[in-house]
Amino acid sequence: MKPWWFGLIYYPIVIFVLSVLFCVSCRDPGLMERVIDEEAAGNGWFWNEQVGSYRPAGAMYCRECKALVHDYDHVCPWTGTAIGKGNMKPFKMFVFSVNVLCYLSIGLVIWQVLSNIT
């Protein structure tokens with residue numbers, strides 16, 4: 001049996017993990033609108049054939065999203081969305097909090113096993 005205070009630590013972390021997962025999944029990753037104005041080329045933007053649009057240096061085409069994403073990093077299979085400028089901070093919070101939750105869960109299992117031995 002776990003102590004009463006463990007729920008005061010564990011359940012808020014679970015709720016926090018789920019809330020930042022929601023923020024990552026539902027937030028715009030930095031999708032860019034199509035820019036076909038040739039003045040963009042004069043500002044250092046590059047033509048992207050897949051989208052038929054100009055893009056700034058930090059934007060990349062995402063094959064899964066079929067769109068340009070500003071400061072594109074990757075497509076996360078756990079959140080189901082592209083990770084870019086718009087959702088990078090919540091994504092980092094999600095990764096950190098999932099790790100905390102995993103270590104806390106492993107600690108709970110070890111504590112349960114050791115308390116059942118004695």
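Among contacts in the protein chain between residues at least 6 apart in sequence, what percentage join residues at least 24 apart? In this predicted model, the share of such contacts that join residues at least 24 apart is 45%.

**Figure 1. Overview of the protein chain, with its 3 helices and 6 strands.** Followed along the sequence, the elements of the protein chain appear in the pattern α-α-β-β-β-β-β-β-α. The protein chain is more spread out than a compact globule, because its radius of gyration of 21 Å is well over the 13 Å that the globule rule gives for 118 residues. Taken along the principal axes, the box filled by the C-alpha atoms of the protein chain is roughly 75 × 20 × 20 Å. Buried residues account for 31% of the 118 residues, and the accessible surface comes to about 8200 Å², with 65% of that surface belonging to carbon and sulfur atoms.

**Figure 2. Close-up of helix 1 (6–26) and its buried residues.** Helix 1 is made of 21 residues, and the distance from its first C-alpha to its last is 30 Å, close to the 30 Å expected at 1.5 Å a residue. The buried residues of this helix are Phe 6, Gly 7, Tyr 10, Ile 13, Val 17, Val 20 and Val 24, and what covers them includes strand 6 and helix 3. An α-helix has 3.6 residues a turn, so residues three or four places apart point the same way.

**Figure 3. Close-up of helix 3 (residues 88–117) and the elements against which its buried residues pack.** The 30 residues of helix 3 should span 44 Å at 1.5 Å a residue, and the end C-alpha atoms are indeed 44 Å apart, which agrees. Within helix 3, the residues Pro 90, Phe 91, Phe 94, Ser 97, Leu 101 and Leu 108 are buried, and the buried residues of this helix pack against helix 1, strand 5 (74–76) and strand 6.

**Figure 4. Close-up of Met 93 and Ser 105, with residues far from them along the chain.** Met 93 belongs to helix 3 and counts as partly exposed, at 37% relative accessibility. When its neighbours within four places in sequence are left aside, Met 93 is in contact with Phe 16 and Val 20. The C-alpha atoms of Met 93 and Leu 18 are separated by 11 Å, although these two residues lie 75 residues apart along the chain. Ser 105, also found in helix 3, is partly exposed with a relative accessible area of 22%, and its C-alpha atom is separated by 8.4 Å from that of Tyr 10, a residue 95 residues away along the chain. Tyr 10 itself is one of the buried residues of helix 1.

**Figure 5. Close-up of two buried loop residues, Thr 79 and Asn 87.** Thr 79 is placed in the loop between strand 5 and strand 6, where its relative accessible area is 9% and it therefore counts as buried, the cut-off being under 20%. Apart from neighbours within four places in sequence, Thr 79 is in contact with Leu 21, Val 24, Ser 25 and Phe 94. Asn 87 is in the loop between strand 6 (81–83) and helix 3, and is buried with a relative accessible area of 0%. Not counting residues up to four places away in sequence, Asn 87 touches Val 24, Arg 27, Asp 28, Pro 29, Thr 81 and Ala 82. Val 24 is thus listed among the contacts of Thr 79 and also among those of Asn 87.

**Figure 6. Close-up of Lys 66 and Asp 71, each with a positive phi.** Most residues other than glycine have a negative phi. Lys 66, although not a glycine, has a positive phi of about 55 degrees; this residue is in the loop between strand 3 (59–62) and strand 4 (67–70), and counts as exposed at 61% relative accessibility. Asp 71, likewise not a glycine, has a positive phi of about 55 degrees. Asp 71 is placed in the loop between strand 4 and strand 5, and is partly exposed, with a relative accessible area of 35%.

**Figure 7. Close-up of a nonpolar surface patch of about 750 Å².** The patch is made by Tyr 103, Ile 106, Val 109, Ile 110, Val 113, Leu 114 and Ile 117. One of these residues, Val 113, is found in helix 3 and is partly exposed, with a relative accessible area of 45%.

How values were computed:
Residues are numbered from 1 along each chain as its sequence is written. This is a predicted model: local features need pLDDT of at least 70, side-chain atom pairs count only at pLDDT 80 or more; totals for chains, interfaces and linings use all residues. Side-chain values use heavy atoms; hydrogens and water are left out. Patches are made of residues with over 30% relative accessible area and no salt bridge: like charges are joined within 9 Å, nonpolar side chains (Val, Leu, Ile, Met, Phe, Trp, Tyr) within 5 Å. Accessible areas come from the Shrake-Rupley method with a 1.4 Å probe; for residues, only the protein chains shown count as cover. A salt bridge is a side-chain nitrogen of Lys or Arg within 4 Å of a carboxyl oxygen of Asp or Glu. Helices (H or I, at least four residues) and strands (E, at least two) are DSSP runs, numbered from the N terminus. Buried means under 20% relative accessible area, exposed over 50%, partly exposed in between (1.4 Å probe, protein chains only). Contact means heavy atoms within 4.5 Å. The expected span of a helix is 1.5 Å times one less than its number of residues. The radius of gyration is taken over C-alpha atoms; the globule rule is 2.2 Å times the number of residues to the power 0.38.
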